Amino acid sequence: MGTKTADETGAETGAEATTDEEKVSVTKSADDVAESATEAADGTDADLDAEGAQDAEDLVDDADLAGDPAEAEGPSGVGQGAAAVVSVALGLVSLTGGWIGTVAAARETLVGQLQTSSTASVAKQVKEVYGDAWATTALWAGLFALAALLTGVVVLARPAFGAPGRPQAPWIKSVAWAGVALGVIGLLLAVLKYSDALLGLPSTS
């Protein structure tokens, strides 16, 4: 009464075999999906590592450039700016006078007094005591003016001999031009005074 036929036994065996095959297939599919996900994750990590390394190299390069401004930006122009200021200072000294010109004029006055006798003519005394001293003052003023002029010209001409494509700061140009202008004015006034064309000696006749 409980005996199974051969067909029923074969059917059950076939059903069980089919179920086992489906389980194996599902298991393999799950393993394949897990391997694919692992490979994708590994590839993504590799890409991220490569991008991180490149970013790190870029940061190092930027740090190197930031750490050495002289290499990143080139000459700062400090020397040219200082020379331009010196040019203006020399030009002002040529116009207002300096201690060295004052001392030289006083010395010339003393020499004139010592070398001129009391019996000399008034014109000679005026020339030796005052005229020569004024000429000495004009000479020193002219030297300072010439120094100011040359210094300003050198500053303005410096970019032509420096790094190409690097313009000079506008304030340096302005100060240098001011020094050149003061030098020209001082030199002109010194020449006029030295030649007695400006503020000459008064007539003694």
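**Close-ups of a predicted model**

Just past the end of α6, Asp196 has a positive phi of about 60°. The views below all come from a predicted model, and this residue is where we start.

**View 1. Asp196, in the segment after α6.** What catches the eye here is the backbone: phi sits near 60°, a positive value in a residue that isn't glycine. That's worth a second look, since most residues other than glycine have a negative phi. Is Asp196 buried, exposed or partly exposed? With a relative accessible area of 42%, Asp196 counts as partly exposed, because that value falls between the 20% and 50% cut-offs.

**View 2. Helix α6, end to end and side to side.** Step back along the chain and you reach α6 (170-194). How far apart are the end C-alpha atoms of this helix? They're 36 Å apart, and 25 residues at 1.5 Å a residue should span 36 Å, so the two agree. Plenty of α6 is tucked away: Ile172, Ala176, Gly179, Val180, Leu182, Gly183, Gly186, Ala190 and Lys193 are buried. An α-helix has 3.6 residues a turn, so residues three or four places apart point the same way. Keep that in mind when tracing the buried set, which includes Ile172, Ala176, Gly179 and Gly183. And what do the buried residues of α6 pack against? Their partners are α3 and α5.

**View 3. The largest pocket and its lining.** This pocket holds about 290 Å³ of space. Helices α3 (78-96), α4 (99-115), α5 (122-157) and α6 (170-194) each give two or more residues to the lining. Which element supplies the largest share? That's α5, with six residues. In total, 19 residues line the pocket, and Ser94, Leu95, Thr137, Ala138 and Ala141 lie nearest its centre. Sorted by class, the lining comes out as 11 nonpolar, seven polar and one charged.

**View 4. Thr136, a buried residue in helix α5.** Zoom in on α5 and you'll find Thr136. Its relative accessible area is 14%, so Thr136 falls under the 20% cut-off and counts as buried. Where does the side chain of Thr136 reach? It goes to the backbone oxygen of Asp132, at 2.8 Å. Leaving aside residues up to four places away in sequence, Thr136 touches Ala104, Ala105 and Glu108.

Definitions and conventions: Residues are numbered from 1 along each chain as its sequence is written. This is a predicted model: local features need pLDDT of at least 70, side-chain atom pairs count only at pLDDT 80 or more; totals for chains, interfaces and linings use all residues. Side-chain values use heavy atoms; hydrogens and water are left out. On a 1 Å grid over the protein atoms alone, a cavity is a set of points where a 1.4 Å probe fits but cannot get out, and a pocket is an open set with protein on both sides within 12 Å along at least five of seven lines; lining residues have an atom within 4 Å of a point. Grid points are joined across faces, edges and corners, and a volume is the space filled by probe spheres set on the points. Helices (H or I, at least four residues) and strands (E, at least two) are DSSP runs, numbered from the N terminus. Ala, Val, Leu, Ile, Met, Phe, Trp, Tyr, Cys and Pro count as nonpolar, Asp, Glu, Lys and Arg as charged, and the others, Gly among them, as polar. The expected span of a helix is 1.5 Å times one less than its number of residues. Buried means under 20% relative accessible area, exposed over 50%, partly exposed in between (1.4 Å probe, protein chains only). Contact means heavy atoms within 4.5 Å. A polar contact is a pair of N or O atoms within 3.5 Å; within protein, one must be able to donate a hydrogen and the other to accept it, and residues adjacent in sequence count only if both atoms are side-chain atoms.
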